[in-house]
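Dear colleague,

Please find the structure below, handed over for your records. My notes on it come afterwards.

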Amino acid sequence: MSDPIPEDVARALAATEARRGCFGDPLYFFSETGSTNDVAESLAEHGAPEGASVVASAQTAGRGRFGRTWFSPAGAGLYVSVVCRNQAAAPLLTLAGGVAVADGIRAATGLPVQIKWPNDVVIADRTGPARRRKLAGILAEASTTPDGLQYVILGFGINLRPAAYPPELADRATSIETELGRLADGALVLAETLALFAASFERLAAGDAHRVLARWREIAPSSRGVPVEWDTPGGIVAGVSEGISDDGALLVRVGDRVERIISGELRWK
């Protein structure tokens, strides 16, 4: 059973009700849970409608890409998962989630955050634009059957307050309050992100991916002109990012050819 929704969260959700559409309705809040994606998946399997959302103040088994642990200590972040059922919106949900989280943070705090392909929300380090520190991440997990897509759980974790990050994250992670130098309104960040995700989702569902892609490109400067490299069975391949395709693949120029990167681990220079 979920916990009562905190009063500040309830107020922020009420203030954005007209803009959120179905997202955050219903909303299940947990002071602590294993993984919000797992809770949302269970709800979806039992018929939860599109837009049903799970929010937690802490996760004991949060995860990111490639099954990695997502550091989710109590009181330090927002951990959110939403049920998405529209098949037309599914192919670009991760990009739409990135736009929503980035613009939600911008709207609620004024921080000039950026997106780094495929699913990181970052802020440029003060020592130079080449060093980008991670504020948030997005994870989409789909459920399919022989009949097709059943639903996608879109999860996002936002580092709200300073925390004792593990050594492997300490020089790459940051939080909204660290960057602002003051307290941040987590409830407002949550409500704005859900409202902006609703807008992007509606565009995708209506077949209007162009505006979502255009906004993603606008706030993802590292997707063009930045050296990257990745491992292949034949060795390390290096190139320069050249934008994204309309299906969300990262384009990388390697010599006289352009590679399409759909998934995998890139090292950004």
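The notes below cover two serines, a strand pair and the cysteines.

This is a predicted model, in which local features need pLDDT of at least 70 and side-chain atom pairs count only at pLDDT 80 or more, while totals for chains, interfaces and linings use all residues. Residues are numbered from 1 along each chain as its sequence is written, and side-chain values use heavy atoms, with hydrogens and water left out.

I begin with Ser 200. This residue lies in helix H7, which spans residues 186–205; helices (H or I, at least four residues) and strands (E, at least two) are DSSP runs numbered from the N terminus. Ser 200 counts as buried because its relative accessibility is 4%; buried means under 20% relative accessible area, exposed means over 50%, and partly exposed lies in between, with a 1.4 Å probe and protein chains only. Setting aside residues up to four places away in sequence, Ser 200 touches Ala 96, Val 99 and Val 212, where contact means heavy atoms within 4.5 Å.

The second serine, Ser 241, is placed in strand S9 (residues 235–244). Ser 241 is likewise buried, since its relative accessible area is 4%. Its side chain reaches the backbone oxygen of Ser 223 at 3.3 Å, and a polar atom of that side chain lies 3.3 Å from the backbone nitrogen of Arg 224. A polar contact is a pair of N or O atoms within 3.5 Å; within protein, one must be able to donate a hydrogen and the other to accept it, and residues adjacent in sequence count only if both atoms are side-chain atoms. Beyond its neighbours within four places in sequence, Ser 241 is in contact with several residues, among them Gly 225, Val 226, Leu 250 and Trp 268.

Next comes the strand pair. Strands S10 (residues 250–254) and S11 (residues 257–261) pair in the antiparallel sense over five bridges; pairing requires that DSSP finds at least two bridges between two strands. Val 254 has Arg 257 in S11 as its bridge partner. The two strands form a hairpin with two residues between them, and Gly 255 in the turn has a positive phi of about 65°.

Finally, the cysteines. The structure holds zero disulfides, a disulfide being a pair of cysteine sulfur atoms within 2.5 Å. The sulfur of Cys 22 has its closest cysteine sulfur in Cys 84, and the two cannot be bonded because 8.1 Å is too far for a bond. Cys 22 is partly exposed, at 29% relative accessible area, whereas Cys 84 is buried, at 2% relative accessibility.

Yours sincerely
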